[in-house]
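Visitor: Could you walk me through this one? I'd like to start small and work outwards.

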Amino acid sequence: MTTEALDARLLERDRADPFDARVLRTNLFCVWSISFLSAIDGTVAVPSLWRYIESLGGSEEYYGLCVSAFAVARVAFMGVFGLWVDRRPFREVFAVSLAVGVLASVVYALAPTLGLPLVLAGRFILGATSA
């Protein structure tokens, strides 16, 4: 795609009426979805993370590392996702982020059979996809 074509697409996207009911519903749905997924992490995943790591033989330090890996990945990938969404449709970025987030959750769930480092990897990937 040429620079001119990209500029034309971005200009067309920016001209959309922000008060159009369809655009407003889509935007509200996206904001609600992101807020909901963040709330799940804060109310379900983090409080249960310590017991999960402890049951796998992890230490308090490893728990802290897993909690901070999520935050570090989120900050690190915010710019990447921002650039991506500026150049590609939001739905594409959102769909890929959700799909990779589901895979990261599977990695997180496989930790009891494949080892404690998968908890850290899963938390890092989840942090990246939540950006």
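Visitor: Which helix does V96 lie in?

Guide: Bear in mind that we're looking at a predicted model. V96 lies in a helix, and that helix is α4.

Visitor: Is V96 buried, partly exposed or exposed?

Guide: The relative accessibility of V96 is 36%. Buried would need under 20% and exposed over 50%. V96 falls in between, so the label for V96 is partly exposed.

Visitor: How far apart in space are V96 and T129, C-alpha to C-alpha?

Guide: Along the sequence, V96 and T129 are 33 residues apart. T129 is one of the α6 residues that meet α4. In space, the C-alpha to C-alpha distance between V96 and T129 is 8.6 Å.

Visitor: So how do α4 and α6 run relative to each other, roughly parallel or roughly antiparallel?

Guide: Take α4 as residues 90–109 and α6 as residues 117–129; their axes come within 8 Å and cross at roughly 165°. Angles over 145 degrees get the antiparallel label. That crossing therefore makes α4, relative to α6, roughly antiparallel.

Visitor: What is the make-up of the contact of α4 with α6, by nonpolar, polar and charged residues?

Guide: On the α4 side you'll find S97, V100, G101, A104, S105, V107 and Y108, and they meet L118, V119, G122, R123, I125, L126 and T129 in α6. Glycine is counted with the polar group here. The split for this contact is 8 nonpolar, 5 polar and 1 charged.

Visitor: And α3 against α6: roughly parallel or roughly antiparallel?

Guide: Helix α3 covers residues 60–87, and it packs with α6 at an angle of about 30°, the axes being 6 Å apart. Under 35 degrees, the parallel label applies. So α3 is, relative to α6, roughly parallel.

Visitor: Which hand does the crossing of α3 and α6 have, left or right?

Guide: For α4 and α6, the crossing is left-handed. For α3 and α6, the crossing is right-handed.

Visitor: How many nonpolar residues does the contact of α3 with α6 have?

Guide: From α3, the contributors include F70, F77 and F81, while α6 brings residues including L120, F124 and L126. Among the others are R74 in α3 and R123 in α6. The contact has 2 polar and 2 charged residues, and the nonpolar count is 14.

Visitor: Zooming out, how many helices does the protein chain have?

Guide: Reading from the N terminus, the elements go α-α-α-α-α-α. The strand count is 0, and the helix count is 6.

Methods: Residues are numbered from 1 along each chain as its sequence is written. This is a predicted model: local features need pLDDT of at least 70, side-chain atom pairs count only at pLDDT 80 or more; totals for chains, interfaces and linings use all residues. Side-chain values use heavy atoms; hydrogens and water are left out. Axes are lines fitted to C-alpha atoms, for helices over the stretch in contact, and angles run from 0 to 180 degrees between N-to-C directions. Helices (H or I, at least four residues) and strands (E, at least two) are DSSP runs, numbered from the N terminus. Angles under 35 degrees count as roughly parallel, over 145 as roughly antiparallel, 65 to 115 as roughly perpendicular and the rest as oblique. A crossing is left-handed if the near helix is turned anticlockwise from the far one by less than a right angle, and right-handed if clockwise. Contact means heavy atoms within 4.5 Å. Buried means under 20% relative accessible area, exposed over 50%, partly exposed in between (1.4 Å probe, protein chains only).
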